[in-house]
Amino acid sequence: MLYKLAGNKNLELSVLIVDSQRMIDLNRTFLGKNEPTDVLAFPMMEKAEIESLRANDHVHCEPLGDIVICLPVAREQARERHSSEMEEMELLAAHGLLHLFGYEDETEEGQRQMKQMEAFLLGHKPGQNNEGD
């Protein structure tokens, strides 16, 4: 699927799993929200650079960005969705990855696209329940 997102590129990605307090600190610092969230994504490229990945062939590894997942929030969401912690972590990693590629979920259309791409990344069949924030 990364081929569909970025062409045939070598990309570098870091994933950090944190506790609730660290996520509150990050959310407050970067988004001005004094609460934990399930996942944050910090791209290392501008949107135009991400789009150009599809057109240009680079041999070297490009730094894509960082994904931070809050384990306690992920655990709670897994319980609420009646899924396993691993399934929730995979969903949040896919969700964060899509944010790094410029997908958004602030609009209805953005949410629809995110859910569709999450399902694709996770290997879900069309119409299979797939929830992400």
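This tour proceeds through a predicted model, one selection at a time.

**Helix H5**

Begin by selecting residues 85-100, which form helix H5. The helix has 16 residues, and its first and last C-alpha atoms lie 22 Å apart, close to the 22 Å expected at 1.5 Å a residue. Colour the buried positions next; among them are Glu88, Met89, Leu92, His95 and Leu97. Just after H5, select Gly102, whose phi is positive, near 95°.

**The largest nonpolar core**

Keep H5 displayed and add the side chains of the largest nonpolar core, which has twelve residues in all. Its members include Val39, Met45, Ile50, Ala74 and Phe101. Strand E3, residues 62-70, and H5 each supply at least two residues of this core. Which element gives the most to the core? H5 does, with four residues. In soluble globular proteins, nonpolar side chains tend to be buried together.

Centre the view on Leu97, a residue of H5 that also belongs to this core. Leu97 counts as buried because its relative accessibility is 12%, under the 20% limit. Now select Leu13 and compare the two C-alpha atoms: they are separated by 8.7 Å, although Leu97 and Leu13 stand 84 residues apart along the chain.

**A nonpolar patch on the surface**

From Leu13, extend the selection to Val15 and Ile17 and switch to a surface view. These three residues, Leu13, Val15 and Ile17, make a nonpolar surface patch of about 250 Å². Ile17 is part of strand E1, residues 11-18, and counts as partly exposed at 44% relative accessibility.

**The aromatic pair**

Select Phe30 and Phe42 and show their rings. One aromatic pair is found in a search of the whole structure. The ring centres of Phe30 and Phe42 are 4.9 Å apart and the planes stand at 65°, so the pair is edge-to-face. The pair links distant parts of the chain, with Phe30 in helix H2 (residues 20-31) and Phe42 in strand E2 (residues 39-43), twelve residues apart. Is each ring-bearing residue buried or exposed? Phe30 is exposed at 52% relative accessibility, whereas Phe42 is partly exposed at 21%.

**Helix H4 and the loop to H5**

Five salt bridges are found in the whole structure. Side chains of opposite charge can pair when their charged atoms come close.

Select Glu76 and Arg79 to see one of these bridges, with the closest N and O atoms 3.1 Å apart. Glu76 and Arg79 are three residues apart in helix H4, so about one helical turn separates them. Glu76 is partly exposed at 34% relative accessibility, and Arg79 is exposed at 52%.

Move to Arg81 and Glu88, whose side chains meet in another salt bridge at 3.8 Å, N to O. Here Glu88 is buried, with a relative accessible area of 1%, while Arg81 is partly exposed at 24%.

Then select His82, in the loop between helix H4 (71-81) and H5. Its phi is near 55°, a positive value in a residue other than glycine. Most residues other than glycine have a negative phi. His82 is exposed, with a relative accessible area of 74%.

**Helix H6**

Finish with Glu109 and Arg112, which both lie in helix H6 (residues 108-122), three residues and about one turn apart. Their side chains meet in a salt bridge at 2.6 Å, N to O. Arg112 is partly exposed at 44% relative accessibility, and Glu109 is partly exposed at 39%.

Notes
Residues numbered from 1 in each chain as written. Predicted model: local features only at pLDDT ≥ 70, side-chain atom pairs only at ≥ 80, totals over all residues. Heavy atoms only, no water. Phe/Tyr/Trp six-rings, centres within 6.5 Å; stacked < 30°, edge-to-face > 60°. Buried < 20%, exposed > 50% of the residue type's maximum accessible area, 1.4 Å probe, protein only. Patch = residues over 30% accessible without salt bridge, like charges linked within 9 Å, V, L, I, M, F, W, Y side chains within 5 Å. Areas by Shrake-Rupley, 256 points an atom, 1.4 Å probe, with all protein chains shown as cover. Salt bridge = Lys/Arg side-chain N within 4 Å of Asp/Glu carboxyl O. Expected span 1.5 Å × (residues − 1). Core = buried A, V, L, I, M, F, W, Y, C linked by side-chain atoms within 4.5 Å.
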